[in-house]
Amino acid sequence: MKPLPTMEGPMAFSLARVALLTVASGLLFGYSTASIAGWLEPIAGTYDLSIAGQEYFTVSLVISCFAGALAAAPLARVFGRRPALLVAFVLALGGYSITVLAPGLGWLVVARVMMGLAVGVSSTVAPMYAGEATPAHRRGGVVSLFQLAVTLGILAAYAVPLWLEDPDAWPAAIGGGAIITLLGLAALASVPESPLWLESVGRSERARRAAAALGVEHQPAVLAVDTLSERDRPAPSLRDRFGSLRQGATVAVLALCCAMFILQNLSGIDGILYYAPKIFIELGFPAGVAALGATFGLGLVNVVATVIAILVVDRLGRRPLAIYGAAVMVLGLCAVVAANLFDLPLLGLSGLCVYIAAFAISLGPLPYVLMAELVPSTYREAGLSAASATSWLFNALVAVFFLTGVTAFGLAVVFMLFAAVCALALVVAVVWIPETRGCALEEIEEKVVSGVPLRRLGRS
């Protein structure tokens, strides 16, 4: 068995730069989406928002993430991965800056739309770039750093309200996310463009230099789509597009990636992410510091479990984490249902911690890893954008109906539905998810184009 390359100085530096950019993008995702949780009550009081108003205010960012994810494909394909990420960080900086000024409700919604567009673009392009700019034997861990950073951003968003203990401090608290965008801009300035994208637009010499700088293998014969630049390349006809889309297992791969993101969002994570303090109040915790403290504890479990996932994703593999993670998620959610029915707050907290830990090693990072590995290079931008947009669409669905569902049917019924989704995720993992640990992207793509069944796209 061939030993893995060691982490020598140049490779470590290259990985560190890509990792920093991935982390900044994940922090932007986590903090932007979760910062509303601890401040929803004072914002609702300031602007006199009803339950429906709170849901719509929350979902304004999520719907914008959906739009940003759709825009990510043309941005990343025509202009490159780095310019797309530059647009994202600049938009986020503008949104955070507006929020600090504590404007009226209309301007605050505009700021959330800008942040949502930024998160939609970066959540698609950052894992794409990380997958293309990282050696195969490190790819799973580096791409998973995105999910770790998401959890760190969530934890920071939960910690700030506890630390400030001032309901009127929400403009500065939410707007403080501008620091993340400055980190992202600094990281972006330190990395070259994706070698794969450079090859796809005929810039072979720059692709070779970028590959050398990043420590990845340069294979122009495999990576190049053609030798024309994006401006000179004639637009393919609809027949050509759909004809090549039907090639091999491409449709099946896109369907699997979209399904993974749908299951990720419908598993309950978004309702917990946005409304955790309200959930803990429903479970019997006192409002205020107690509910916020339990929420922070949940975020801490999320971070620790995600660190474990990153350490094992390139050792244990994708399939075991997906299978066992989904099974444990079902158990955790069932414990929350029992806690709500029998008024056992600590059991509810324990069940949510179990669920979050299992999510962090399975449905949390794995959709991003599989998305970056399985989608063929011809459709990488469009495929990843479609999968990410699907994710945000169902994210919005949960965000806009969660509080209404809890009010109408009760917390137990809502969490029983989440448990059913996790059971479905278990079936999908067992039947269709391949083991791609240590496989080169070119090797996986060859199998996809050849029509190899999903389950056999990676290691046999």
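User: What is a salt bridge, and how many does a search of the whole structure find?
Analyst: A salt bridge is a side-chain nitrogen of Lys or Arg within 4 Å of a carboxyl oxygen of Asp or Glu. This is a predicted model, in which local features need pLDDT of at least 70, side-chain atom pairs count only at pLDDT 80 or more, and totals for chains, interfaces and linings use all residues. Residues are numbered from 1 along each chain as its sequence is written, and side-chain values use heavy atoms, without hydrogens and water. The number of salt bridges found in the whole structure is six.

User: Which helix holds K278, the salt-bridge partner of E41?
Analyst: The side chains of E41 and K278 meet at 2.5 Å, N to O. Helices are DSSP runs (H or I, at least four residues), numbered from the N terminus. E41 belongs to helix α2 (residues 40-47), and 237 residues separate it from K278, which lies in helix α13.

User: Are R318 and E373 buried or exposed?
Analyst: R318 and E373 form a salt bridge of 2.5 Å, N to O. The pair joins helix α15 (residues 318-342) to helix α17 (residues 366-374). Buried means under 20% relative accessible area, exposed over 50%, and partly exposed in between (1.4 Å probe, protein chains only). By this definition, both residues are buried.

User: How many residues does helix α13 give to the largest nonpolar core?
Analyst: A nonpolar core is a set of buried Ala, Val, Leu, Ile, Met, Phe, Trp, Tyr and Cys residues joined through side-chain atoms within 4.5 Å. The largest one has 138 residues, and F402 is among those that touch the most other members. Helix α13 (residues 250-282) supplies the largest share, 16 residues.

Note on methods:
Helix = DSSP H or I, 4+ residues; strand = E, 2+ residues; numbered from the N terminus.
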